[in-house]
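Please read the following alongside the sequence and the coordinates. The text moves from charged side chains to confidence and then to empty space.

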Amino acid sequence: MKTLLLNNFPPEHRRNLWLIASGAKKEMQDFPNYYNDILNNYPDYIPCLFEQTIDKDLTRTFPEEKFFQNKQNLNKLRNILVAFSRRNSSIGYTQGFNIVAGRILEVVKDEVIKIYLLYNLSYRKKVFGFLCN
């Protein structure tokens, strides 16, 4: 798999490869409404401490690239980062996460799929491990 990912795996198959390798595909099947619930049904009494930082970093996410000049794409990125910080309160949000999430958004496009992918990549060290070795 390492060879496939590092040696120009065909772009039309990258999305599915990442979904399967990360475990995101299975999680999407097991918990199909999780992303929408955490984004839209988050209790008002629980503050999201990271939204101001996320908002600052959005304009710093590849500002010279056309994809990130599009307000809809930035809004998708914001939703993904907010949902991730809510789901993973022990991590929350750290600067630079917008860069990783932004690149994945370019490949995956769908923000619902992306949050599952991002979560699984961040918690499955074996996925990052074979890329770094």
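Glutamate 106 and arginine 103 both sit in helix 8 (residues 97–108), three residues apart, and so are separated by about one helical turn. In this predicted model, their side chains meet in a salt bridge, with an N to O distance of 2.5 Å. Glutamate 106 counts as partly exposed at 22% relative accessibility, and arginine 103 is also partly exposed, with a relative accessible area of 34%. Side chains of opposite charge can pair when their charged atoms come close.

In total, the count comes to eight salt bridges. Some of them are joined: Glu51, Asp55, Arg78 and Arg86 are linked in a network of salt bridges. Within this network, glutamate 51 pairs with arginine 78 at 3.1 Å, N to O. That pair links distant parts of the chain, with glutamate 51 in helix 5 (residues 51–58) and arginine 78 in helix 7 (residues 71–87), 27 residues apart. Arginine 78 is partly exposed, its relative accessible area being 21%.

Glutamate 51 also forms a salt bridge with arginine 86, where the closest N and O atoms are 3.2 Å apart. Here too distant parts of the chain are linked, since arginine 86 belongs to helix 7 and glutamate 51 to helix 5, 35 residues apart.

Is arginine 86 buried or exposed? At 17% relative accessibility, arginine 86 counts as buried, because the cut-off for buried is under 20%. What else surrounds this side chain? A polar atom of the arginine 86 side chain lies 3.1 Å from the backbone oxygen of isoleucine 38. Leaving aside residues up to four places away in sequence, arginine 86 touches Ile38, Leu39, Tyr42, Cys48 and Glu51. Both the salt-bridge partner Glu51 and the residue offering the backbone oxygen, Ile38, are therefore in that list of contacts.

Confidence comes next. The protein chain has a mean pLDDT of 78, and 82% of its residues reach 70 or more. Among the elements of the chain, helix 6 (residues 66–69) has the highest mean pLDDT, 93, and helix 10 (residues 125–132) the lowest, 40. Over residues 125–133 the pLDDT is below 50, and this stretch has 13 contacts in the model beyond near neighbours in sequence.

The last topic is empty space. Rolling a probe the size of a water molecule over the atoms shows where such space is left. The largest pocket has a volume of about 210 Å³. It is lined by 11 residues, and the closest to its centre are Trp18, Val100, Arg103, Ile104 and Leu121. Helix 2 (11–22), helix 8 and helix 9 (111–123) are the elements that give two or more residues to this lining. Helix 8 supplies the largest share, six residues. Arg103 thus appears again: this partner of glutamate 106 in a salt bridge is also among the residues closest to the pocket centre.

How many cavities of 30 Å³ or more are there? The count comes to one. The largest cavity has a volume of about 30 Å³, and Tyr34, Tyr35, Ile38, Ala83, Arg87, Ile115 and Tyr116 line it. The elements that give two or more residues to the cavity lining are helix 4 (34–40), helix 7 and helix 9. The largest share, three residues, comes from helix 4. Ile38 is one of the residues in this lining, and Ile38 is also touched by arginine 86.

Methods: Residues numbered from 1 in each chain as written. Predicted model: local features only at pLDDT ≥ 70, side-chain atom pairs only at ≥ 80, totals over all residues. Heavy atoms only, no water. Salt bridge = Lys/Arg side-chain N within 4 Å of Asp/Glu carboxyl O. Helix = DSSP H or I, 4+ residues; strand = E, 2+ residues; numbered from the N terminus. Buried < 20%, exposed > 50% of the residue type's maximum accessible area, 1.4 Å probe, protein only. Polar contact = N/O pair within 3.5 Å; in protein donor to acceptor, adjacent residues only side chain to side chain. Contact = heavy atoms within 4.5 Å. pLDDT = per-residue confidence, 0-100. 1 Å grid on protein atoms, 1.4 Å probe; cavity = no way out; pocket = protein on both sides within 12 Å on 5 of 7 lines; lining within 4 Å. Points joined across faces, edges and corners; volume = space filled by probe spheres on them.
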